[in-house]
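Welcome to this structure. Here is a short note to help you find your way around, with a few places worth a look.

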Amino acid sequence: MSARITKRTHDADESATADAPQRSAPRRRIGTGPRGIVTAVRRSSNVRIGLLIVTALFMAGLLAPFLTPYSPTDIDLANTLQPPSAEHWLGTDELGRDQMSRLLFGARVSLVMGLLGVTIAASAGATLGLIAGYAGGFADSLIMRAMDAIFAFPALLLALLVISITGPGITQVLIAFGIAGIPFYARLMRGMVLAIRQEEYVIAAEALGGSPARVILLHILPNAMTPLIITTTMAMGLVIVGLASLGFLGLGAQPPTPEWGAMLSGSQSRFFTAPWLLLSPGIAIVMAVVGYALIGDGLRDFLDPRLREYR
Amino acid sequence: MAYETFSTRACASTDEAPVALLSVRDLRTWFHGGSTVSRPVDGVSFEIEAGQTVGLIGESGCGKSLTALSILGLIDPPGRIEQGSEIVFEGQDLVGLSERDLEEVRGQGIGMIFQEPMTSLNPVSPVGAQIAEAVLAHRRVSRRSAWERAVEMLRIVGIAAPEQRASSYPHELSGGMRQRVMIATALACEPRLLIADEPTTALDVTIQAQIISLMAELQERLGMAILLITHDIGVIAQVADEVAVMYAGRIVEQGSAATVLDGPEHPYTEALLASVPILGTRADTGALRVIPGTVPSPLAWPGGCRFRARCEYAFGRCAEEEPALLPAGGQAAACWLCESGSRHATAGERHVV
Amino acid sequence: MLRFGVNRLASGFLTALVVVTATFFIVRLVPGDPASAMAPPTATPAQVDRIREYLGLSEPIWAQYGIYLQHLAQFDFGTSIRTGQPVVEDLVSRLPASIELALAALILELLIAIPVGIVAAVRRASAFDYVSRFTSSVIVGLPVFWVSLMFLWIFAFLLDLFPLGNRLDIQTSLTSVTGFVLVDALLAGRPEVALEALHHLALPAVALALPSIAFWTRLMRGSLLEVLGEDHVRAARAKGLGRRQVVMRHGVRNALNPMVTVFGLELVSLLTAGVLVEIVFSWPGVGNYLFTSLQVRDYPVVQGTVIAIALLYVTVNSIVDVVQARLDPRILATMQAHA
């Protein structure tokens with residue numbers, strides 16, 4: 001410390017300016033708090049398009065019963081594999097079920113599952129991350145090793161492993177992907193805790209005998225908002241695709257639940273007979289993923305200091 | 001064979017009549033961001049003659065570094081050098097020059113060293129290679145020759161065992177050594193002007209002295225001019241011939257180092273000098289003198305004199321019109337108090353020590 | 001350097017151990033008798049008993065674990081119920097197909113992503129940049145299996161430009177030497193077969209590579225942008241170096257470094273995503289094998305394959321870390337400083 005003080009006496013700069021910036025309010029890295037998000041929405045077209053898509057999907061799922069006269073599970077063996085027509089806008093599948101209603105109700109399945117999976121990953125992951133960052137030492141190492149091990153398992157394989165034991169089903173898939181997502185959140189929170197812990201006002205709080213835990217939490221929350229949202233959009237995309245992939249393999253949602261991936265599973269053999277069945281669920285999945293990706297990427301690019309305009 | 005030796009150069013300069021090596025006139029570097037315009041360099045003019053050391057002094061954020069980068073054309077969008085600015089180096093206006101031609105000048109006509117030697121060196125390349133690279137950029141020599149030149153430069157800047165050191169990576173060297181490497185790189189092609197942007201700020205006090213004396217020694221040998229940018233008045237006092245004081249994007253005082261530091265005309269310079277405690281005087285034991293207020297924002301410079309809000313002598317005229325550099329005694333200051341010459345020549349009560 | 005390498009391998013080994021242990025316990029969670037789960041449905045009680053003995057089920061759990069580890073160390077992953085062959089043999093015979101696919105995809109990715117990323121970074125905020133960023137955002141999230149389906153449908157079925165799957169036409173026969181069809185064809189002096197193999201490889205490789213191309217492009221761009229903003233790039237320009245030289249020598253070279261770590265992740269990701277691609281394109285690789293085994297509850301295969309892939313991942317990652325330390329001397333220094 002003394003070297004810094006002696007240097008100061010030579011600096012015209014330091015002694016001449018009386019007003020140093022005050023550091024009392026919770027420090028917010030520019031762009032990470034709620035205001036940053038609002039600005040991102042305003043400025044980034046990517047984010048706006050993404051939000052539009054995601055909202056449309058949620059609306060579709062929410063309003064599904066009102067948007068279609070058919071039920072997604074009504075079998076009509078007289079009208080199997082019908083091409084798109086006035087009665088069935090997107091045609092019918094191999095059991096005569098209306099493709100459009102299956103699609104709309106399928107939105108519910110995918111989105112809800114996505115949210116659940118992300119919630120599992122986020123809550124477990126954030127907690128573990130906070131503990132690891134704050135406790136440090138052995139607990140930290142242990143938790144991080146576990147995170148590395150989970151990270152080592154590609155999510156799909158983990159899901160396959162779980163399914164091999166328990167049999168296929170949507171809950172199993174959910175748990176598998178939930179677990180697979182934990183390391184992302186754990187690392188994020190741990191990183192935040194470690195970074196903020198080193199800030200001077202936390203050390204000051206500790207020196208004064210106060211509890212740094214409260215200070216840390218107070219300062220983490222605003223700063224973690226945007227990274228959390230970014231991680232979540234990524235995770236949503238991954239869970240939805242994961243669920244669809246397993247559905248495609250016949251290992252996820254079981255019939256008669258309308259799930260986009262499962263709707264695609266028979267399509268390979270039907271290239272000739274019913275190609276329209278191939279397009280609609282796929283496009284739906286793509287839209288969901290793209291919507292979330294645009295939001296996440298748009299936000300992330302916005303946080304990127306290099307792209308910010310000169311202030 | 002491919003380049004001159006040091007001795008011939010040093011002899012040549014003394015016979016020539018003093019012609020400005022570098023002449024900066026009304027340099028304005030503005031940043032255009034959407035709807036706002038920031039003007040960190042807003043009308044800077046000064047000259048440097050061959051072999052001279054000119055100090056550019058001012059607080060952090062007054063635009064000194066940007067001035068240096070502007071000279072070398074290293075301003076990237078959204079910043080740009082505005083029309084009407086003139087930077088004449090050895091008879092050639094650098095403003096508006098093609099990138100190709102600018103690359104010719106950089107390193108060979110004008111060299112530059114930066115504040116942070118650690119980050120200014122490529123971390124994954126040996127230091128010798130980085131110096132050799134500078135040589136190869138301007139001279140048609142073999143790589144072996146360039147490497148030998150690099151080793152030679154390392155020796156010249158005072159690094160022991162240069163042959164081995166040349167293969168070291170930047171993180172293996174101490175801060176002082178890294179700065180020496182930077183100097184070696186900048187001087188490898190013997191530029192006529194060296195721009196040193198805060199060369200000692202990141203170094204320990206003892207190393208600072210070594211680097212400064214190294215620079216002075218090399219200047220003597222190479223006969224080159226130095227533009228020394230710093231906020232450290234002590235360094236300026238040590239080596240500068242001429243001094244220019246910068247505030248809020250403009251030069252507010254200019255003159256020989258001796259006259260400016262001994263008898264500052266502009267209130268800002270005066271306050272700056274007064275805030276540096278001198279051992280043994282009353283200022284040493286009392287409270288540090290401070291300039292109240294903060295530097296205005298380059299997004300919106302105030303009208304009239306830009307220092308007015310913080311100046312203890314401000315009066316009516318200061319708010320109405322911005323003063324140009326007015327001659328005052330042996331120097332020039334942008335202050336209405338100097339309208340009729342040096343402040344100190346008039347009534348004693350204005351003379352503050 | 002050596003100490004770092006050993007350290008890294010040791011930590012990799014630990015991770016592998018965790019993975020393997022987890023698998024052990026997870027599989028033991030199968031309801032019912034593990035031995036009969038591992039046995040084909042036609043097994044006689046005597047055969048089931050032999051399996052029970054093999055697994056050491058009469059022993060306490062920790063002894064079972066010991067036996068399990070012992071088997072793994074001897075590369076004994078059990079016997080497939082479906083094929084009757086040792087799992088390891090099955091895996092090895094199918095591995096080249098998967099590797100061929102993964103490698104082809106990887107080469108494609110690097111060939112496209114790196115140049116595009118560089119250009120996007122250098123021409124930041126240009127039309128090219130915005131377009132490529134938007135396209136990347138869209139492509140990166142596309143589900144691999146759907147992309148495969150679309151490719152198959154459009155290019156193979158509708159346009160008939162490419163075959164409908166498999167590594168070679170049904171009629172073509174080739175003796176397998178290395179397992180890599182391209183290599184074998186050339187070895188056998190039949191270049192037309194090699195071309196045919198490439199023809200079959202094209203669609204699945206592109207489908208597999210597509211999301212990753214988008215990912216790597218953005219990574220390259222981001223990494224390069226970050227490096228270009230650093231002081232030493234500015235200092236290099238101040239030396240008078242040409243723009244291109246600065247970008248390539250000081251920018252790209254430094255920017256590639258952090259990308260090497262992602263490399264390991266990428267290989268495993270390719271193998272995993274490859275599972276889906278293999279299924280759609282009837283590609284006889286490890287993924288297809290795993291899937292078929294899953295459908296018939298062939299537990300030894302599932303367990304064995306999952307472990308094999310996870311172990312591969314850990315190994316690749318450790319190697320990658322060591323390579324990266326070699327490339328970037330700073331990492332080594334920080335590691336050594338902490339040691």
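The points below go through one interface, one helix, the nonpolar cores and one arginine.

1. Please keep in mind that this is a predicted model. Every value below was computed from it.

2. A good place to start is the meeting of chains B and C. Here 27 residues of chain B are in contact with 21 residues of chain C, and the area buried between the two chains is about 2,100 Å². Carbon and sulfur atoms give 54% of that area. On the chain B side, Asn122(B), Val124(B) and Glu133(B) supply 28% of the area that chain B buries against chain C, more than any other three residues.

3. The polar side of this interface deserves a look too. Between chain B and chain C there are five salt bridges. In one of them, Lys239(C) pairs with Glu133(B), with the closest N and O atoms 3.0 Å apart. Polar contacts link 14 residue pairs across the interface, both partners being at pLDDT 80 or more.

4. Which parts of chain B supply at least two residues each to the side that touches chain C? They are helix H3 (99-105), strand S7 (110-113), helix H4 (117-120) and helix H5. H5(B) gives the most, with five residues. By class, this side of chain B has 12 nonpolar, nine polar and six charged residues.

5. Helix H5 of chain B spans residues 127-138 and is mostly covered, with nine of its 12 residues buried. Glu133(B), the partner of Lys239(C) in a salt bridge, is among these buried residues, as are Ile131(B), Val135(B) and His138(B).

6. Turning to the interior, the largest nonpolar core has 93 residues. Leu246(A), Leu249(A), Trp260(A), Phe145(C) and Phe281(C) have the most contacts inside it. Helix H13 of chain A (residues 276-303) contributes the largest share of this core, 11 residues. Beyond its close sequence neighbours, up to four places away, Trp260(A) touches residues including Leu57(A), Leu103(A), Pro281(A) and Ile285(A). Another core, of 75 residues, lies apart from the largest one and includes Ala186(B), Leu214(B), Met224(B) and Ile226(B).

7. Finally, is Arg306(B) buried or exposed? Arg306(B) counts as buried because its relative accessibility is 9%, under the 20% cut-off. This arginine sits in the loop between helix H13 (282-285) and helix H14 (316-320) of chain B. Its side chain makes a polar contact with the side chain of Asp42(B) at 2.6 Å, and the side chain of Arg306(B) also reaches the backbone oxygen of Ala248(B) at 2.8 Å.

Methods: Residues are numbered from 1 along each chain as its sequence is written. Chains are lettered from A and ligands numbered from 1 in the order in which they are written. This is a predicted model: local features need pLDDT of at least 70, side-chain atom pairs count only at pLDDT 80 or more; totals for chains, interfaces and linings use all residues. Side-chain values use heavy atoms; hydrogens and water are left out. Buried means under 20% relative accessible area, exposed over 50%, partly exposed in between (1.4 Å probe, protein chains only). Helices (H or I, at least four residues) and strands (E, at least two) are DSSP runs, numbered from the N terminus. Contact means heavy atoms within 4.5 Å. Buried area is the accessible area (1.4 Å probe) that two parts lose on being put together, summed over both. A salt bridge is a side-chain nitrogen of Lys or Arg within 4 Å of a carboxyl oxygen of Asp or Glu. A polar contact is a pair of N or O atoms within 3.5 Å; within protein, one must be able to donate a hydrogen and the other to accept it, and residues adjacent in sequence count only if both atoms are side-chain atoms. Ala, Val, Leu, Ile, Met, Phe, Trp, Tyr, Cys and Pro count as nonpolar, Asp, Glu, Lys and Arg as charged, and the others, Gly among them, as polar. A nonpolar core is a set of buried Ala, Val, Leu, Ile, Met, Phe, Trp, Tyr and Cys residues joined through side-chain atoms within 4.5 Å.
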